[in-house]
Amino acid sequence: MAIPDLKQDTFAALLAGQAGRRPEAVVLREKRRGIWHGTTWRALADEAQALAAALAARNVGFGDHVAMIGENRPGLFAAMAAAHQIGAVAVPLFPDASVEEAAQQIAACKAKVIFAENQEQVDKMLRVLPRCPSVQTIVHDDDRGMRHYAQTGLFAHRALVEEGRKAARPTGPQAGGDDPAFVFFTSATAGSAKAVVFSHRAMIDRAHAVIGADGLSDADTTLAFLPPGWMCQVLFSYAFAMVSGLCICCPESSDTLLEDLREIAPTTLLMTPRMLDAILSRVTYRMEDTGGISLSLYRRALATAERTEAGHLSGVATGLGDRLRLALDSLLITGPLRDSLGLSQVRSAYSTGDALDPGMLRVFRAIGINLKQLYGTTETGFAVAMHRDGAVWPDTVGPLLEGVEISISADREIRVRAKGMMSGYLGAAPVADGWIETVDLGHLDARGQLHVEGRVDSLARLVGGQTFAPRALENRIRVSPYVRECVVIGDGRETVCALIDIDTLAVGKWADGHEIPYMGHVDLASQDQVYTLISAWISEVNEALAAEPAQAALQVRRFALLPKELSAEDGLLTRTGKLRRAAVTLRFATLIDALYAGGSVAILDHADAKAGGAETEGLGLKIGDARVVVGGTGRRAA
Amino acid sequence: MNVVAHPAGMTRGFPIGEPVLELDGISLRFGGVHALTNISFNVLAHEIRAIIGPNGAGKSSMLNVIGGLYTPQEGTIRFHGEKLSAMTPGKAAHLGIGRTFQNIALFKRMTVLENIMAGRTLYTRANFLEVALQLPRARAEEIESRERAEEIIEFLEIQHIRKMQVSRLPYGLQKRVELGRALAAQPKILLLDEPMAGMNVEEKQDMCRFILDVNDHYGTTMVLIEHDMGVVMDISDRVVVLDYGKKIGDGTPEEVRSNQNVIDAYLGVAH
């Protein structure tokens with residue numbers, strides 16, 4: 001039977017197409033009570049239709065907004081699909097949004113219905129209600145603890161589906177390709193979140209661009225573990241599934257993520273640099289723990305792989321001996337490692353959302369994981385440029401994706417034009433000439449590879465006149481497994497200093513190995529030995545910087561270890577783990593002044609102490625010095 | 001048809017009912033030591049009943065009498081109005097009385113899942129050979145046990161440690177696993193011996209919530225011993241106070257708190 005070629009430029013049409021072609025194929029997997037359960041395309045389409053009918057009966061229809069708040073769950077995806085059935089706009093929110101943020105965002109889009117995952121989210125939504133008169137209905141997916149809630153307008157997801165099965169099919173107008181499908185809120189690296197509108201056609205177009213470039217198909221499986229409020233995660237789960245038919249797996253909880261990863265062994269995966277850093281930290285300190293012959297074999301395997309890949313990129317064919325060694329290493333060393341990480345089946349993994357250190361990218365590729373960078377912003381649909389198989393230059397983000405035009409402004413800012421961009425900000429006029437500013441600096445090289453050099457507003461300039469991108473420098477420092485996050489300061493100063501957030505697990509392990517007693521993160525971050533450890537690493541980075549004349553001035557003179565991990569709750573990171581530079585420098589202003597003042601101890605004032613948790617109030621924070629290489633020859637202590 | 005922002009008054013999932021356990025004139029002696037003297041109180045269906053008292057007041061002895069570990073010299077125990085001649089741990093289990101211990105008594109070398117499934121022993125009939133050969137009945141029972149255990153794992157939010165060996169877990173989690181094993185036997189009455197001893201504030205809060213959730217969701221009647229007065233007063237429906245093996249108070253937390261005998265016992269009084 002010939003498949004009717006539906007005009008597939010809306011998600012409703014794509015769902016109908018997938019459910020018609022492959023009704024019994026599994027589109028969603030979720031672990032319930034220890035067992036992975038699958039939802040077929042037919043079941044998803046049925047559920048979406050029933051929910052849509054129930055929503056239509058509640059007077060929700062074309063152009064209305066339907067919000068959803070929770071982790072990646074089959075119910076959440078069904079809610080998105082239901083909204084799209086009746087021409088409504090899906091608005092996924094970040095599950096850990098505060099009441100304040102959620103209220104602002106729901107009020108901004110005037111959502112009529114909210115799909116909340118569980119009791120925790122329902123409680124939050126009930127507190128949001130007084131400020132959001134548009135909300136008529138709240139739907140909860142997980143029934144646990146919900147028996148006592150007697151509010152009118154509060155329904156169980158399941159009850160709504162049952163109701164919708166009996167209701168008449170909705171007859172309201174359907175969405176066309178150019179009608180809005182999603183509203184996303186930006187992760188707000190600077191300032192407050194902006195609401196970005198995407199049409200069906202734009203989302204589908206961006207999904208096609210990535211899927212086409214990498215040949216993803218219905219044989220692929222992905223694990224969706226990043227917050228659904230992030231545009232990129234929805235692109236990689238919902239939109240990819242609708243377009244290519246791949247299967248989305250939902251982890252049981254964030255605590256079981258690594259175990260779920262191993263059980264599912266996804267073939268394609270969306271990651272963030274922060275997460276990759278955490279994985280690499282774990283691998284590195286465990287490897288160093290083994291020591292001896294295992295460690296030297298591991299290092300040799302990585303070195304061989306990095307050397308041959310670099311050779312391949314510069315056009316040198318890999319010799320027979322190297323090919324044999326690579327095969328043997330893959331069998332005995334990197335293969336088992338990939339397996340233990342749950343990444344043995346990965347055909348393509350993507351890092352996006354922030355700059356990835358080229359060194360880290362090389363290591364993952366050497367382990368045998370086909371990791372690529374994907375570049376874009378929420379406004380540009382995240383699919384602007386991407387590495388292609390066999391041509392991954394680590395210092396670039398790859399060539400442009402299909403349908404993307406780029407122009408570099410006089411002051412080097414990247415501007416993007418493509419079909420699949422946002423329609424505009426919610427409530428604002430559409431982008432006039434179609435060019436969207438990314439606020440990132442960069443250039444295209446002769447090979448057509450895009451280089452991204454950091455954000456326009458984060459570019460720093462030393463008093464001596466040298467400009468530099470703090471993120472690139474921070475990423476070099478973050479390569480150490482002991483450093484989780486790093487913030488370098490230097491804009492308008494004579495020298496560069498750094499705030500270091502240590503990796504509690506890795507440093508704790510190191511302290512155990514050196515018989516250094518400690519109690520928790522605060523204690524660990526104030527130990528002299530830990531300062532010595534970090535100082536040694538920064539000196540090593542300084543040496544490498546000194547070797548490059550253009551970078552020699554960027555050597556880190558002094559640093560302090562932060563008493564508390566930077567977190568999204570404190571407003572110092574975005575929900576996807578990106579640094580909020582302005583917030584950090586403001587919060588630690590006293591400490592930063594102390595770094596430049598020259599003393600060896602900084603007394604935190606009240607605001608700093610609060611940022612560091614109550615237990616650090618009145619605490620004197622140590623400041624460490626790092627060795628600096630001067631003029632490439634002599635050394636002196638700063 | 002807007003949603004109302006204020007939650008309605010909480011209604012109890014299982015309203016407090018008739019007495020399920022009545023203890024009358026219980027006295028327990030170890031040689032010359034009078035551990036319990038003429039203690040009488042009852043436990044109503046679906047309530048959370050606390051036994052409190054200073055060290056050595058006889059709290060654990062009382063729990064062990066109910067659980068059948070000790071046989072009192074005097075007094076009667078009625079279960080659903082029926083007089084029990086001599087309680088034994090086995091009989092208690094079959095009657096639907098489960099318990100946890102003050103010093104965690106888990107199988108240290110087994111995983112969380114295995115420990116909880118071990119709590120299902122009461123409901124398995126397959127013999128050694130059937131289990132060894134994985135015959136149909138053994139397999140069916142295993143599947144049922146696993147389903148039930150997974151339900152409890154989800155309820156207690158310990159999915160991330162289900163395959164971990166118990167001895168490697170922190171104390172607070174071990175306590176939670178022990179509660180899980182007791183729940184696996186689907187008890188009607190659950191005896192908790194100092195469920196919050198040695199926990200930090202956060203762990204105590206978690207444990208309180210799980211005790212209330214279990215009571216609310218499964219309707220399990222709870223008898224618990226606890227040292228921490230604050231915790232007891234917050235979660236119990238009624239409290240029995242023991243001192244030197246004698247009952248010195250019985251009633252709602254408010255009544256007990258204003259009882260002069262109880263205040264004296266806790267704060268000390270010049271004799």
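Two strands count as paired if DSSP finds at least two bridges between them, and in this predicted model that criterion helps to place strand 8 of chain B among its neighbours. Within strand 8 of chain B, Leu224(B) is the bridge partner of Leu192(B), and the pairing of strand 7 (residues 189-193) of chain B with strand 8 of chain B runs in the parallel sense over 5 bridges. Strand 3 (residues 48-52) of chain B also pairs with strand 8 of chain B in the parallel sense, over 4 bridges, with Met222(B) serving as the bridge partner of Ile48(B).

In a regular strand the side chains alternate between the two faces of the sheet. Both faces are covered in strand 8 of chain B, where Thr221(B), Val223(B) and Ile225(B) are buried on one side and Met222(B) and Leu224(B) are buried on the other. Because 5 of the 5 residues of strand 8 (residues 221-225) of chain B are buried, this strand is largely enclosed by the rest of the structure.

Turning to chain A, the axes of helix 11 (residues 292-313) and helix 13 (residues 358-367) of chain A come within 8 Å and cross at roughly 105°, which means that helix 11 of chain A is roughly perpendicular to helix 13 of chain A. Helix 11 of chain A contributes Leu302(A), Ala305(A), Glu306(A) and Glu309(A) to the contact, while helix 13 of chain A contributes Arg362(A), Val363(A), Arg365(A) and Ala366(A); by class, this contact has 4 nonpolar, no polar and 4 charged residues.

Helix 17 (residues 528-547) of chain A has 20 residues and reaches 29 Å from its first C-alpha to its last, close to the 28 Å expected at 1.5 Å a residue. The buried residues of helix 17 of chain A include Val530(A), Leu533(A), Ile538(A) and Asn542(A).

Technical notes. Residues are numbered from 1 along each chain as its sequence is written. Chains are lettered from A and ligands numbered from 1 in the order in which they are written. This is a predicted model: local features need pLDDT of at least 70, side-chain atom pairs count only at pLDDT 80 or more; totals for chains, interfaces and linings use all residues. Helices (H or I, at least four residues) and strands (E, at least two) are DSSP runs, numbered from the N terminus. The expected span of a helix is 1.5 Å times one less than its number of residues. A residue is buried if 20 or more other C-beta atoms lie within 10 Å of its own, exposed if 12 or fewer, and partly exposed in between; C-beta atoms are placed from the backbone. Axes are lines fitted to C-alpha atoms, for helices over the stretch in contact, and angles run from 0 to 180 degrees between N-to-C directions. Angles under 35 degrees count as roughly parallel, over 145 as roughly antiparallel, 65 to 115 as roughly perpendicular and the rest as oblique. Two residues are in contact if their C-beta atoms, placed from the backbone, lie within 7 Å. Ala, Val, Leu, Ile, Met, Phe, Trp, Tyr, Cys and Pro count as nonpolar, Asp, Glu, Lys and Arg as charged, and the others, Gly among them, as polar.
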